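I opened my notebook to look at one chain and the partner it touches. My entries follow the picture.

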Amino acid sequence: MSDYVLELKGITKIFPGVKALNNVQFQLKKGEVHALMGENGAGKSTFIKVITGVHKAEEGEMFLEGRKVDFRGPRDAQAAGIAAVYQHPTSYPDLSVAENIFMGHEIIKNGIIQWKQMNEAATELLSELNADFQATDEMGGLSVAQQQMVEIAKALSTHARIIILDEPTAALTKNESEELYRIVDKLREDGVSIIFISHRFEDMYRLATRVTVFRDSQYIGSYDVDKITNADLIKAMVGREIKDLFPKPEVKIGAEMLRVEGFSRLGYFKNVSFAVHAGEIIGLTGLVGAGRTEVVESICGITKPDEGKVYLEGRPVQIRKPADAMKQGIILLPEDRQKEGLILSWGLGRNVTLPTMGKYAKNGFNDEKKEREISKQLLEEVDTKAVTIFDPASSLSGGNQQKVVVAKALGQEMKVVIMDEPTKGVDVGAKAEIYQIMGNLAMQGYAIILISSEMPEILGMSDRVIIMCNGRVTGELSRSEATQEGILELAMEKSK
Amino acid sequence: MAGKSGRTIANVPEKSLKKTVLCWEGMLVILFIVINLFCGGISPSYQFANVLREMPKYLTEMFLLFPMAFILILGEIDISVGASVCLAATFTCMASNQGLPFGAVILVCLLTGVACGFINGLILTRFQELPPMIVTLGTQIVFRGIAEIALGSGGSVSLSNADGFRKIAGKAGIVPYILFVVILMAVLYSVVLAKTTFGRSVYAIGSNRMAAYYSGIPVQKIRLIIYTVTGFMAGLAALFLTSVLYGANTTTGNGFEMDAIAMAVFGGISTSGGKGRLFGGILSGFTIICLRIGLGQINMNPQLILIILGILLISAVLIPNISAKLKLKKKAA
Amino acid sequence: MKENKSILKKITGSREASLLIVLVVLCVVISMRSPSFLTLKSISDMLKNNAVIMIMTLGMLGVLLVGGIDISITSTLALSGMTAGMLVKYGIVENTFLLFVIAVAIGGLCGFLAGLIISKGKVLPIIATMGFMYIYRGLAYIVANSQWASAEDLGAFKEFALGSVFGINNVIIVLVICYAVFFVVMKWTKTGRMVYAVGSNREAAGISGINTSSVELMVYTVMGTLAGLCGALAVSIYSSAQPNMLYGREMDVIAACVIGGVSMTGGRGSVAGALLGSLILAIIAKALPLVGIEAIAQNTVKGVIILAVIVLNVITQRVMDKNNLKGREM
């Protein structure tokens, strides 16, 4: 009775304090590739986890080929023929490829695992996918692209009828992406229905016939790919014109603040050079794995570069550990705020004064009173939604946690501010506020490096865009030159 | 650029009497009193002067509690402390028997401890991938092994001249010197942990090592210092232990690591790092010592006391875990 | 480039192969110094004397595979062995088979209790087993009640370790059976692979429907069971039962695993590795006096070997990582 192989209606999923999905719907036709798009934090990943039975929705119904289903766990979804391939495969690194493929449904006779048969079957699946590795290889030794292939082989081994690909191309080179496209085409020909999550328009145009957009945990709409324009799609995803979202102030660009020359670190980046000036925001972008984060972490003394020099206001500076960078006024807002930015179990106030407590301390004794005053002031300055400075950081939403990270930076003496994916997992409202703060900092004459994978953000906020690919700087575009297509081209230029 | 929404955030800490009494330390104070009443009940000789007289033997382990608390708050563990005590005590006795002046003997003792701790710290900071548990398991065998070699086939050494040690084992009135040293150390370590930048850094590392490192805290330097200080305290413990035992053998310091960990864990210091206060550890330390003295006075089998301590150690971790689980269940229901 | 990498990978990758080489070299060197070393009698004696450690190494393999540790094993061994010894001494149980069953049951119960506290109570393995180390050892002393069982007391029970079937010593038969069973279970059955899966990626294993805490409970129970078996074996082999039996020797078991390439963080290690590791350790102990190192220095050497091996592991891993990074073209 139904045209749809999979249909979800009125799905609502609530996490403590957040509605991750609010009454969303979704339809998947048999044998189609359906793109699911939306900004970070729009609820796509949560939605996928509802489909695969990892999360249970508070409200809503799910139909598989017209029949209502109710998954109690991932096993049920697997048994029903639904498989998911994640961006970072959740595999068993110590086990062989064949074992990873057959985990949970091993070939067993009389209680004895049939390794020979399993290896043969795995080899067959892998050769279907044109894999360039063996079934007996160790999973942990494979590249991300190869691991994804194993996951796809695993999905095939369970005869999955619906395969969900969660940002599969994010960590792949151009060639690897092409290979993936080929595999997806082949799967579709075999009658498999595919849900494809991606940030890249290129993926969508190349593969999908229909696209569904989520925004702020809500369903916005489903469109035919050949009938919607780029601009309309962006508008559906972002919810407003780009201009309104990015309050980029006109700032007179001053003298050079930070310059890196010939920065190299084995296996991560090579011969990276660039400079940033007072009042300037430079966007540092590229695909995941291009080495952006690694470069700034080396600048800040978190990892050691093999070669290269850092100049601050024209003087060479030696940075050996994070404290050195801070002393010089080079402040990093790290990419993963929950792991690197904050101590989640601690109160906000202590988080804010963690890097600066030594400054207020007298003879090594903490000046708690002063710390409380300063952290209150800083937290109010960035307009954190909190009741007291003793609230644990874990109780805040992503956007407010990011504001605490900003407050932590503001408490230090800054010259160069490096923001690594500052709006990842942040809702649209808080995003605008973070952009506002960024603009204000530029106006006060700080030099800013913004690392981001989100094209609108890079285009909207940067005075200059530096593009990295495979550990090298492949291009630099001024604000007027930069376009989405131009950046993407440079970001994938040297991919093999 | 004050908050646009005009929202203010409170920065005055809330204090309530109920919270102070109902916290883990509050319970420990009550337990301490109960244990003392219990011991007084079962043993007629459990009196203030007697307890003080018997205390020095047990107090040596308190020296290990203080640094162990730091290590546990870091989220790590040091199993080699007992072996460090053994090695330091062995060298001390031998140095003394060589006729070295007492000052030099003390120096040998403390330096041996420092060396043990420094070796642990060095391995752990140079090879950060290694879990402290397995490294200190390894060094434990080596430290005790060296002591075994030094002690030779007899496996023990006794002091030929204990004059200096008798002075250390002396008393001011009825209070043994060691109690003063323990109290001094307790205050020192508590203040460092609770009030100083160093202490806050230790909590930061134990709560989220990455975030601490990104915030400019010298994680490896702090770890090296703490392990080395642990060794120093093992040396101090060995010094006072020798002044009680007048000798050393291959089993000296056996189980000290468990006692130190048990005292800390029972005092509310979490083994997963970042949580707990030294005050709790000190309270539980004295509670356990009182219990040991009381049970010892009624000639309870020392093995039975070990069993009780083992059960205490496990339940000290188990009970909070279970109650947290129950709370979660209650919340869900 | 690729050729190079695969050769390096083969040498560093197959831990068992390099261990085998070490083992062979050790044997050759020792038999040059002492020709009697490679006789059947000498090997059989060595296996018999190290059977207890070797069998417990198997259990420890399982525990380490799920990322745990158990330092209470020799206490469990002492408790079960002491109980068996006392039962014989006072003539309560005479049947050798029944004594083994009792010892194994006590060991299993001890392991089950520790496993329960660790898997369901979420207590760190090192803390929980440290507690049980004292509890079980203390119980062994209480069972002993200041007595011990000597060779005369043990009667027929000690004959087990002296007896043989088809010319092979009983103890060695038990040892071989244990290794054969473990080899099959760990490699060829779903149960064994579940242990690896939990150790390799606990979260993924949970999601794919494996009851991770039950697997954890299982490995500690098996560990205890083997320790119980070893309790009875040890009493029979050494023809005495004392409450301080094998005190501190849990380090040998852990050392054997570490040398055998079992990862301390879980997921890696094999029965072959455990076998080679424990054999190497046994041979080194035997070889030390031959190269002029006194028995008294054995522990130090053992500790240094453990430290050297784990540090070496880290260094090879670093070199391998660096080579992988070099392989990344930029």
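How many residues do chain C and chain A each bring to the contact? I looked it up: chain C gives 20 residues and chain A gives 24 residues. Two residues are in contact if their C-beta atoms, placed from the backbone, lie within 7 Å.

I noted the source too. This is a predicted model, where local features need pLDDT of at least 70, side-chain atom pairs count only at pLDDT 80 or more, and totals for chains, interfaces and linings use all residues. Residues are numbered from 1 along each chain as its sequence is written, while chains are lettered from A and ligands numbered from 1 in the order in which they are written.

Next I checked the whole of chain C. I found 15 helices and 2 strands (DSSP runs numbered from the N terminus: helices are H or I with at least four residues, strands are E with at least two). The C-alpha trace spans about 75 × 55 × 35 Å along its principal axes. Of the 330 residues of chain C, 50% count as buried (20 or more other C-beta atoms within 10 Å of a residue's own; exposed is 12 or fewer, partly exposed is in between; C-beta atoms are placed from the backbone).

Then I picked C:Leu23. I found C:Leu23 in helix 2 (residues 15–33) of chain C. Is C:Leu23 buried, exposed or partly exposed? C:Leu23 counts as partly exposed, because it has 16 C-beta neighbours inside 10 Å. Beyond its neighbours within four places in sequence, C:Leu23 is in contact with C:Leu276, C:Leu279 and C:Ile280. I also looked up C:Ile283: it lies 260 residues from C:Leu23 in sequence, yet 8.4 Å away in space, C-alpha to C-alpha.
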